[in-house]
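Got your viewer open? Let's take a walk through some charged side chains, one selection at a time.

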Amino acid sequence: MENFESDSSDQDAPESPGPSKTFSRAERIENVLNVLRDGRLSPFDLVLDVLDESNPQFSAYRNEFYKAENRKLGQFLDLVLSSTAGKKKLNELILSHALELICEKVTTEMDVVQEAEKLPGLSAITPEFINSWTVSGHRESAPFLFQILLTAAETASAKEKNKKKTPLGTCNVIMKQLCFQRSHFSLGFAGQFGLFLWTTGCARQTIEALHRCGLSVCYTSVLKIIESLANHCIQLAIQVGRGMHMFCYDNVNFSTSIFVEQRGSLGPAKVTSGTFGVIYKVRNGNPEHMKLAPILERLKNAVGLEFNRDVRPTRAQLESFQFQLVIIIIRVLTTFSEHFESYALVPALQHKPRRPMPKGHITEQYPIRATTIDEATVRGNLLFHDDVYLTQLKRDPEHLSKYAIPTFNDQLTNSRIRSGQILRLRDLNPWTQRQVFQLGFGLFHLCLNLVWALLHIHRGGVEQASSLTYFFTLLSKARLGGEHPDYHTLLATLTQIRDGLLLNAWREECGHSNLKEFAESKPTPEQLSAIAQQILLQYATPMAKPNDDEMESSDESEGNNTDSGNSDARHIDAGSAPRPQPAQAQCPNPEDDVAYHNIRLLTRDLIYVAELVRAISDGDIGCIEDFLPQLGMMFRGAGGNNYCTEILHFIFNLLHVWTPEFADIMHDNMLVNVSGLEGHSMPIDINIEHLIGELKILLEAKGLQSTWDRLGNISAAIDYLKKVKKQVATAMSTAYQSTTHTKPDTTPLVWLIANNARDEKLQTFKKDRHGNDKVIPVLDILAVGEQKLKSSSLGTFNRKIMAMKDGHLYQPEPSEDTDTLPELALGRNLEDVDTEQ
């Protein structure tokens, strides 16, 4: 026994003095085995005695055998496992001891994971926590347990074949689930997932069941998290409200059951109303430029508007606007003709930015608690201002009076704020006078009302080939002919009509029999621009009349415009103006082909809408300002005097009240981008409409008795509740849209319009067209609006401004500047759009 050496050498015993004969390794092993056999010992008895800790004389061998660098133990076990019988026996032996070892290992790893997942309480789920939340696993902290879960979650064949589906996400969630089961302080996943379940509309029973599974906190805890999160969000809003910020708000209406028996005598009313506001960080908000005193001083010395000096667009604006319209016309060709798709990215055929939003800019928003104060009155607006700034944001009037607060709202809300400013003109300080609020209009409501005005002007009848009703019938859009057409459907349909008319214009003006031959001629970008300018002139510009009596006839027609349901009342009566004889005319008389002239007006008006929508989406307020006066004229010509006045207020403030630096701030913040994605800019007023839509979905107000208590918490936390939905959906790889989702292809509809315009020759002048005497001429709302703006509206507006400065309202005569456009009656598919003007 004493002849054996350590396992650190391949030789089991050193050479002893003796004969010089050398034995092979096999021979030496055989000699050792003979010695053991003579001593009635097996080799394994020898190993067992050497490894026995009760034999201290062999400790040197054991120490050498157990060293980290010694590989003999591993080699020994590998040899055992390489044998089927050995592997079976070794497994039986290990399993009898492995369970305890595995449990100890798992416990050690889970203690580390649990500590990492630990939160002090529900209040620790803060905005910062949500921003940084992920379903990251603890593979590094618990590799043993994680490998066990991976093995249990996937078969060997699935592991080999699956390329996309992996059990990693499932194992991560199980780790979180186990942590929450071990300790109710491991709230990170359970709290976030509970919020996700609540915001996606899961029933209380579902949340409670998943709480029992360790996936979510209980329903009551979810509500506590929302309340705590709302408090944290209000604190963020308070911090932002102390600095340079802007403010936007709108009314919130909730309906309950129409049955009194279900609501009960003490239950909520059929419709309950309140107000919801949002605080935003100001882009480019230099405190020095937002001081209120210089603005109020300029207001005192401000003079009224003059058309030529203040309203008429400059040459640079006109040139820029015309260029943008030309690009819109070219974009129709590159979108709906496959032969011109390659031109879509040509640099010379792109819109020129005027005052774009910086790329990647994300608008920071901070919703505040909704209140039961109804802003539908002047008093309600004043009370809501006090509730927001004095109660929720904890500001004091003295500090509030130092800096201007930009606010962008719909026309009706702005009108009520101005009325409040007039009522309180002689109050104590700029805050109580509400002079701190500098008003801008919401571009979404502007676009909404513009579309409504064009529908009112161009609706006509199905028998009139140039009317919108005619095209609605052609496109099978029957619902748009109703009293409450859906706004989004209407806007999409108007876009299709415009694109179809412009596409046919390209076909007519390209100089070839079809667009394919035109593409094969390889026109240059300059040639396309020249043709587009010709289309703009010949297909989207009103025809010149042989005389200048059209304005008089327009006034007479508007004087008879009393019935919004009668198509005769919405258009100039064709018999109200004398028709010139052909010999007297130097150009075609529009009255000889009314349908053709109406089509040109319709195309012009729809291109204006297209440029407005395009500039909003691109976040370029400069492009909108280029034709803002024209939009005001169009509203005035269509009878929408309220929005015409709102535009005049904005122009007046830009030029005469606001300092140039503050005017830039107002420019830069009319549009927001809450996602930071290119092409996803939106008017600030539609953003709040989206938030209100989310509130209505989350609240599930029907039948609730404690609606407004819960609404206050939901509204303050709404931005982060939306983030929770997005984060969990992303972590769980649940797509917002199915993999088979595709955007609707409107190409067939556009070509249907184009082919109909060609077949009916709607865009070709035909003297004495069949049925011409039955077609009612459409108002040129741009020309009529310009004439009325010069003759009366500017004067009325200036008198209003002077009256406001003196602290009283100016009430014009009913015939002077009364809004004659019918009340907005656009329906909506979703709850996210409020059509209050």
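Searching this whole predicted model turns up 23 salt bridges. We'll stop at a few of them.

**Stop one: D668 and R355.** Select both and show their side chains. They form a salt bridge, with 2.7 Å between the closest N and O atoms. Now colour the neighbourhood by sequence position. D668 sits in helix α31 (residues 660–668), while R355 is in the loop between α16 (315–336) and β3 (365–367), so this pair ties together parts that are 313 residues apart in sequence. Turn on a surface next: which of the two is buried? D668 is, at 7% relative accessible area, whereas R355 is partly exposed at 29%.

**Stop two: D618 and R614.** Jump to helix α27 (residues 594–618), where these two are four residues apart and thus separated by about one helical turn. Their salt bridge has its closest N and O atoms 3.0 Å apart. With a relative accessible area of 14%, R614 falls under the 20% cut-off and counts as buried. D618, at 39%, is partly exposed.

**Stop three: E786 and K790.** Move along to helix α35 (residues 781–806). Here again the partners are four residues apart, about one helical turn. How far apart are the closest N and O atoms of this salt bridge? The answer is 3.0 Å. Check the surface once more: E786 is partly exposed at 27%, and K790 is partly exposed at 43%.

**Last stop: a trio.** Select E306, R309 and D310 together. Salt bridges with shared partners link these three into one network.

Methods. Residues are numbered from 1 along each chain as its sequence is written. This is a predicted model: local features need pLDDT of at least 70, side-chain atom pairs count only at pLDDT 80 or more; totals for chains, interfaces and linings use all residues. Side-chain values use heavy atoms; hydrogens and water are left out. A salt bridge is a side-chain nitrogen of Lys or Arg within 4 Å of a carboxyl oxygen of Asp or Glu. Buried means under 20% relative accessible area, exposed over 50%, partly exposed in between (1.4 Å probe, protein chains only).
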